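Open the model in your viewer and keep the selection panel at hand. Each stop below tells you what to select and what is there.

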Amino acid sequence: MSFLDSLMLGLSMVANIESFLALGIGVAVGVIAGAIPGMSATMAVALTLPFTFALQPITGILLLLGVYKGGIFGGSIPAILIKTPGTPASSATVLDGYPLAEKGQAGKALGMALWASCTADLISNLALILFAGFLASFALNFGPPEFFTLMLFSLTIIAGVSGESLLRGALSAMLGLLLATVGLDLIYGTNRFTFGDANLMGGLNFIAVLIGLFAIPEIIAMVWNPKAFDGQKRAMGKSWVEFSEYRRCFKSIVRGSFIGVILGAIPGIGAAPSAFLSYSEARRTSPNKANFGKGELEGVAAAEAGNNGVAGATLIPLLALGIPGDVITAIIIGAFMIHGLQPGPMMFVINADIIYALFIGLIVSSVFLFFVGSVAIHGFKYVADIPRGVLFPSVLVLCIFGVFAVNNSIFDVGVMFAMGWVGYFMLRYRIPAAPFLIAFILGPLLEDNFRQAMLMSGSSPAILFRGPITWFFWTLTAITVFAIIRAGIRATRQHRALRTANQA
Amino acid sequence: MHDRTIQLQLGIGAIIAAAFLLLVAIPTWVSSPSNVPNIILSPLFWPWVLAGLTAITGLAMVLTSIREPRPAEPAISEIDDKPRAWGRLASIAAVMVVAMVLMPRIGMVWTAMLVFVATAYLVRTSHPKTALVSAVVIPLVLYAFFAHVAGVAIPQGDFVRLP
């Protein structure tokens, strides 16, 4: 069957009302689920899976892909409006989205999030179509030493999200890395800071830590000083982003999309590190660098481009090699199998029509995301008008239900409360929370890959320099560390010069 | 509180935390098998590295704080009614502890209602009637969704059970 035949067959499978309806419903369900804190895109995809049993394979898979894509965007809505990321992937969106909402520009931030998400989604889908085979084979070459150097490089993004003090960012990261060590040791199975409690053996639940760190401190801060929030109703402001603003952020969106594509194609990394890396790169290169973290539209665009750029790319190893790139694609692979399909290289030969139907469906999903997202923004904007004295208790109750629902665990609710106090302490002492979260995500990956590499080599560090991929990441890390030190020295000099001028 | 004071306090805190980790926490609460061939592979290695790095970070913070001059403007703005603010802070902490105790006993929905009312009171809501209605409606709606749509086994407690 020729390429054109496959393409036409694929088109005929998608160009029907059932497929469009499945995509539309999927995106809508995903956006709503993503917008509810604690109801992650993963949970929404898992809950939708049983509904696909009765559908045609392509219709069912498109429904799940719609939920996935909608869920990733939906997470940005509460991240911007109530500083509670709906999904871990939208943690980076909080950094500038929420300050924009506080300035009365929530509508603008949401609009930019939608535009950036749709652009990144489209780029990611095109990358999937064009580079599926090539990128997946590149990622297959990664072993523990390559992953270790990649994680080490990824940790340098902490510098980009440390705000005014690199040392406080480093301290925050240390705390995140230390908390990530809680649980059973993955190689020897011995206890580390579990205090004999079975609940701690699996480590601290990521969602509980995430919500505790980002949502609860705001509630505690309002309890500490309710007057500070008097009259601070966050207006939506201009409800749509202007094209000139989109054009200004376009470079960051495209760069973020490609970061998402590359990291998404590597199994196991996921959308959150991609969003933070994209955000950090945008901050590093932006002329408005100083405004990042205080409500910079480009920050929202970069973070959303980073996390949505992953959505299409995670399907590259799934379709080309049959390897799920993350938890959600692991659920989607189940849907393929239920319908008697085996993702992998042979699928491109045996079921090429389905592959092309999926490609076309994914492109259409970007358009659906734009329209459903627009409606969702206007629906959820009313959250901004809710009095804070009612909104904050509602958020607290929502967090309790949401965190419990992840593992059916009251213990996780306790972890969320405890992390809320840690987050409040960090807020009060101006310690940035983002490095904590990045370190908490990357810490276990860094340690596990390091130890696996050492096991492979009989504890010889030479394995960490074994090939071009490791050297590539070592070079990138060295360049970034050099740039951080140089920027730090420059900032100190400028600070001193300013102080001297003030004293004079 | 001034920025310099914060930096100094954080630095000292980090050094104390690192010392506690190295001397007490890691030897007591991290176990390692006796047959580990190399220290690099031991479960103790990573916590040690992190404790060391925390100490270095703390030391750097103390040194930078000493070099910083005292600025005129405080970094953390103080509030007028401090004793009451501390009282509210203690109250929200108590609400969280009580919620953890009540959740398995009276159920998540009723606990959430009480948490809602207590939090609304502590944040001095200007819409008490709306808050009271929301305190009843929101937990019930969330229960209906999570229990009946998402299939989550929400704790029901020992007294009043919901359908």
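## Stop 1: a loop in chain B

Start with R124(B), which sits in the loop between helix 4 (108–122) and helix 5 (128–149) of chain B. Bear in mind that this is a predicted model. Check the backbone of R124(B): phi is positive, about 50 degrees, although the residue is not a glycine. Most residues other than glycine have a negative phi. Now turn on the surface. R124(B) has a relative accessible area of 42%, so it counts as partly exposed.

## Stop 2: a loop in chain A

Select F195(A) next. It lies in the loop between strand 2 and helix 10 of chain A. What is the sign of phi at F195(A)? It is positive, at about 55 degrees, and F195(A) is not a glycine either. Is F195(A) buried or exposed? With a relative accessible area of 51%, F195(A) is exposed, because the cut-off for that class is over 50%.

## Stop 3: across the chains

Keep F195(A) on screen and look for ring pairs. Over all chains, the count of aromatic pairs comes to 23. One of them joins F195(A) and W29(B): the ring centres are 5.0 Å apart and the planes stand at 70 degrees, so this pair is edge-to-face. The pair crosses between chains, from the loop between strand 2 (191–192) and helix 10 (206–214) of chain A to helix 1 of chain B. W29(B) has a relative accessibility of 32%, so it counts as partly exposed.

Now widen the selection. Add F20(B), L22(B), L23(B), V24(B), I39(B) and W48(B) to F195(A) and W29(B). Together these residues make a nonpolar surface patch of about 770 Å². Which element gives the largest share of the patch? Helix 1 (residues 3–29) of chain B does, with five residues. F20(B) is in that helix 1 of chain B. Its relative accessible area is 42%, so F20(B) is partly exposed.

## Stop 4: chain A as a whole

Show chain A as a cartoon. It holds 22 helices and two strands. Colour its 504 residues by burial: 62% of them are buried. The accessible surface of chain A comes to about 18200 Å², and carbon and sulfur atoms account for 69% of that. Then draw the contacts. Of those in chain A between residues at least 6 apart in sequence, 79% join residues at least 24 apart.

## Stop 5: rings in chain A

Select W115(A), F243(A), Y246(A), F250(A), F370(A) and F371(A). Ring pairs link these residues into a cluster.

Go on to W224(A). R428(A) lies over the face of this ring, at 4.6 Å from the ring centre.

## Stop 6: deep sequence separation, short distance

Select L100(A), in helix 6 (residues 91–102) of chain A. With a relative accessible area of 2%, L100(A) is buried, because buried means under 20%. Measure from its C-alpha to that of K294(A): the separation is 7.5 Å, for residues 194 apart along the chain. Show the contacts of L100(A), leaving aside neighbours within four places in sequence. They are Q105(A), A106(A), A109(A), G295(A), E296(A), L297(A) and V300(A).

Then pick G443(A), in helix 21 (residues 434–457) of chain A. G443(A) has a relative accessible area of 2%, so it is buried. How far apart are the C-alpha atoms of G443(A) and L179(A)? They are separated by 9.1 Å, with these positions 264 residues apart along the chain. Which residues does G443(A) touch, not counting those up to four places away in sequence? L177(A) and W46(B). End the tour with G443(A), L177(A) and W46(B) on screen together.

Conventions:
Residues are numbered from 1 along each chain as its sequence is written. Chains are lettered from A and ligands numbered from 1 in the order in which they are written. This is a predicted model: local features need pLDDT of at least 70, side-chain atom pairs count only at pLDDT 80 or more; totals for chains, interfaces and linings use all residues. Side-chain values use heavy atoms; hydrogens and water are left out. Patches are made of residues with over 30% relative accessible area and no salt bridge: like charges are joined within 9 Å, nonpolar side chains (Val, Leu, Ile, Met, Phe, Trp, Tyr) within 5 Å. Accessible areas come from the Shrake-Rupley method with a 1.4 Å probe; for residues, only the protein chains shown count as cover. A salt bridge is a side-chain nitrogen of Lys or Arg within 4 Å of a carboxyl oxygen of Asp or Glu. Helices (H or I, at least four residues) and strands (E, at least two) are DSSP runs, numbered from the N terminus. Buried means under 20% relative accessible area, exposed over 50%, partly exposed in between (1.4 Å probe, protein chains only). Contact means heavy atoms within 4.5 Å. Rings of Phe, Tyr and Trp (its six-membered ring) pair if their centres lie within 6.5 Å; planes under 30 degrees apart count as stacked, over 60 as edge-to-face and the rest as tilted. A charge sits over a ring if NZ of Lys or CZ of Arg is within 6 Å of the ring centre and within 35 degrees of the ring normal.
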